[in-house]
Amino acid sequence: TRVTMTGVYTAHQALSAAAIGAEYAAPYLGRICNKLGSKQAGIDQCISMQRIVDQGAQSDMRILVASIKDADDLATLAAQGMHSQREWRP
C-alpha cells in the first residue's frame, strides 16, 4: 500500500508521516505561509521537514510540497532537495 499523508503543516507531522511508513508527506505551502504570516517562514518550515527526513528519520519518504504559487519558490525548494524524482514503483 502506498500512503501520502496530506495536510502536513509542521516538521513533527512530517516526522510522524515517516514513522508510519508514508511514501510522501504533502505540506500545503500556501496555507503554511498564511498561518505563519510570511512566505519565507512557510518555505523554511518545508525545508525543515525535508531536513528531518534526510537526517534523522531513517526513511526514504519524500516531501511533496503542494500549493506552490511562484516559480521562484519551486526553484528554492528544489535547491534544498525537495524534488520528488524517483523511479516509479507499481
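Author: Contact means heavy atoms within 4.5 Å. The model discussed here is predicted.

Reader: Which residues of helix H2 (residues 29-36) are buried?

Author: Buried means under 20% relative accessible area. In H2, the residues that meet this cut-off are Leu29, Gly30, Ile32 and Cys33.

Reader: Within what arc do the buried residues of H2 fall, seen down the axis?

Author: In an α-helix, residues three or four places apart point the same way, because there are 3.6 residues a turn. The buried residues of H2 line one face of the helix. That is because, seen down the axis, they fall within an arc of 165°.

Reader: Which residues are exposed on the other side of H2?

Author: The buried set of H2 is Leu29, Gly30, Ile32 and Cys33. Exposed takes over 50% relative accessible area. On the other side of H2, the residues over that cut-off are Arg31, Asn34 and Lys35.

Reader: Against which elements do the buried residues of H2 pack?

Author: Two strands and two helices take part. The strands are E1 (4-8) and E2 (24-27). The helices are H3 (39-55) and H4.

Reader: What phi does Gly37 take, just after H2?

Author: Most residues other than glycine have a negative phi. Gly37, just after H2, has a positive phi, of about 95°.

Reader: How are H2 and H3 placed to each other: roughly parallel or oblique?

Author: The axes of H2 and H3 are 7 Å apart, and the packing angle is about 120°. Roughly perpendicular runs from 65 to 115 degrees, and roughly antiparallel starts over 145. H2 and H3 fall in neither class and are therefore oblique.

Reader: Is the crossing of H2 and H3 left-handed or right-handed?

Author: Two packed helices are described by the angle between their axes and the distance between the axes. For H2 and H3, these are about 120° and 7 Å. The crossing is right-handed.

Reader: Which residues in H3 do Leu29, Ile32, Cys33 and Leu36 in H2 meet?

Author: By class, the contact of H2 with H3 has 8 nonpolar, 2 polar and 1 charged residues. From H3 come Lys39, Ala41, Gly42, Ile43, Gln45, Cys46 and Met49.

Reader: At what angle do the axes of H3 and H4 cross?

Author: The two axes come within 10 Å. H3 and H4 count as roughly parallel, because angles under 35 degrees fall in that class. They cross at roughly 30°.

Reader: Which residues of H4 make the contact with H3?

Author: H3 passes H4 in a right-handed crossing. H3 brings Lys39, Ile43, Cys46 and Ile47 to the contact. By class, the contact has 4 nonpolar, 1 polar and 2 charged residues. From H4 come Asp73, Thr76 and Leu77.

Reader: Is Thr76 buried or partly exposed?

Author: Thr76 lies in helix H4 (residues 71-79). Its relative accessibility is 36%. Buried ends at 20% and exposed starts over 50%, so Thr76 counts as partly exposed.

Reader: How far apart in space are Thr76 and Ile47, C-alpha to C-alpha?

Author: Both residues take part in the contact of H3 and H4. In sequence they are 29 residues apart. In space the distance is 9.5 Å.

Reader: Is Ile63 buried or exposed?

Author: Ile63 is found in strand E3 (residues 62-63). At 1% relative accessibility, Ile63 counts as buried.

Reader: What phi does Ser67 have?

Author: Ser67 is found in the loop between E3 and H4. It is partly exposed, with a relative accessible area of 30%. Although Ser67 is not a glycine, its phi is positive, at about 60°.

Definitions and conventions. Residues numbered from 1 in each chain as written. Predicted model: local features only at pLDDT ≥ 70, side-chain atom pairs only at ≥ 80, totals over all residues. Heavy atoms only, no water. Helix = DSSP H or I, 4+ residues; strand = E, 2+ residues; numbered from the N terminus. Buried < 20%, exposed > 50% of the residue type's maximum accessible area, 1.4 Å probe, protein only. Arc of directions from axis to C-beta. Axes fitted to C-alpha atoms, helices over the stretch in contact; angles between N-to-C directions. Left-handed = near helix turned anticlockwise from the far one by under 90°. Nonpolar A, V, L, I, M, F, W, Y, C, P; charged D, E, K, R; others polar.
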